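User: Could you take a close look at the inside of this protein for me, the nonpolar core in particular? I'd like to know which residues touch the most other members.

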Amino acid sequence: MTKVITIIATHNGMPWAERCFGSLSKSIISTEIIAIDNASQDGTPNFISANFPEVNLIRNQTNLGFGKANNIGLKIAIDLQADYVFLLNQDAWINPDTISGLIQSHVQNPEFGILSPVHLNASGTQLEAAFAYFVENDCNPEERSKIYSRSGEEDSLIEVDFINAAAWLLPIETVLKIGGFDPLFFYTGEDTDYVNRAKYHGLKTGVQPHAIIYHDSAGHTFLRNIQNSDWFKISRLADSYKVLKNINRSFLWCILKSYWLLTTDTLKSLNNKRIFFLYLSLWWIISNQLKNIWHNRAISRQSGPVFLDSDVIEP
């Protein structure tokens with residue numbers, strides 16, 4: 001019997017908890033659920049334990065961010081000898097046949113290491129905005145048509161350069177080969193890095209046009225208690241780390257591109273003193289992180305369940 005473990009990192013997720021966890025209970029293929037709560041302040045973990053007692057709930061004392069929270073679940077999934085891991089955002093929910101459709105597509109296309117369903121908005125009336133952006137920029141007209149119309153062969157996959165991790169099916173072989181998310185990333189950018197690492201290790205990323213999730217992406221509550229200046233640093237650091245961590249490019253190329261982009265943004269901010277000084281602080285942080293980034297690039301090239309143990313360097 002195929003063993004599937006669904007991992008959901010939560011933080012102040014009450015607006016979606018019922019739909020998210022409730023949808024998994026209706027899945028055609030049964031799935032164990034691990035919820036890693038990142039110090040929610042709105043009662044999310046208590047709601048989960050009271051209404052979904054079958055969920056393995058882990059309560060973190062602080063907000064570890066998206067990647068490190070999911071890494072906790074990935075390590076457990078390996079220990080429990082799962083066949084597949086399904087990563088699902090707290091603000092998303094599935095159809096009964098979503099997971100089973102993704103698994104069937106992987107069986108027919110084992111060269112794919114990351115499989116994503118189509119992301120619709122919360123009402124199901126159109127593609128979710130971020131997903132639509134990736135589709136428009138990464139797919140040819142025929143592929144876009146299949147995704148918008150949910151057509152084509154039932155088990156077919158459309159190869160893409162990137163799709164965000166709102167709903168990823170990872171065969172356990174992917175996790176054992178690539179590992180977990182790099183903890184250099186707190187929130188945003190960790191999925192880009194993971195896709196780059198999958199590519200380096202010879203695995204494809206694909207979208208299954210017939211599998212559907214609904215993604216209410218307006219909240220981003222991982223950041224609800226973060227000040228704007230801190231969020232600015234987190235997002236801009238992630239942008240730089242995504243470039244610097246791309247192991248499909250030489251480190252010199254990555255440094256030059258990252259610094260060129262940072263220089264461009266810094267010059268654009270000259271008329272805004274606050275933003276300008278924030279950029280100057282980023283120069284300092286990134287320059288001091290290069291050694292750590294070099295170290296984590298080397299780890300990323302290794303084949304194995306890396307970033308799930310203690311040999312990693314964090315910011």
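Analyst: A nonpolar core here is a set of buried Ala, Val, Leu, Ile, Met, Phe, Trp, Tyr and Cys residues joined through side-chain atoms within 4.5 Å. Buried means under 20% relative accessible area, with a 1.4 Å probe and protein chains only. Keep in mind that this is a predicted model, where local features need pLDDT (the predictor's confidence in each residue, from 0 to 100) of at least 70, side-chain atom pairs count only at pLDDT 80 or more, and totals for chains, interfaces and linings use all residues. Numbering runs from 1 along each chain as its sequence is written, and side-chain values use heavy atoms, with hydrogens and water left out.

Now to your question: the largest nonpolar core has 45 residues, and Ile147, Trp168 and Leu170 touch the most other members. Its largest share, 5 residues, comes from helix α3, residues 66-79 (helices are DSSP runs of H or I, at least four residues, numbered from the N terminus). Apart from this core lies another one of 27 residues, with Ile29, Tyr84, Leu169 and Ile213 among them.

Zooming in on Ile147, and skipping residues up to four places away in sequence, its contacts (heavy atoms within 4.5 Å) include Val118, Leu127, Phe131, Val135 and Cys139. That Cys139 counts as buried because its relative accessibility is 6%. Cys254 sits at 0%, so Cys254 is buried too. As for disulfides (cysteine sulfur pairs within 2.5 Å), the structure holds 0.

On confidence, the chain averages a pLDDT of 92, and 95% of the residues score at least 70. Over residues 221-227, though, the pLDDT is below 50.

Notes. Buried < 20%, exposed > 50% of the residue type's maximum accessible area, 1.4 Å probe, protein only. Helix = DSSP H or I, 4+ residues; strand = E, 2+ residues; numbered from the N terminus.
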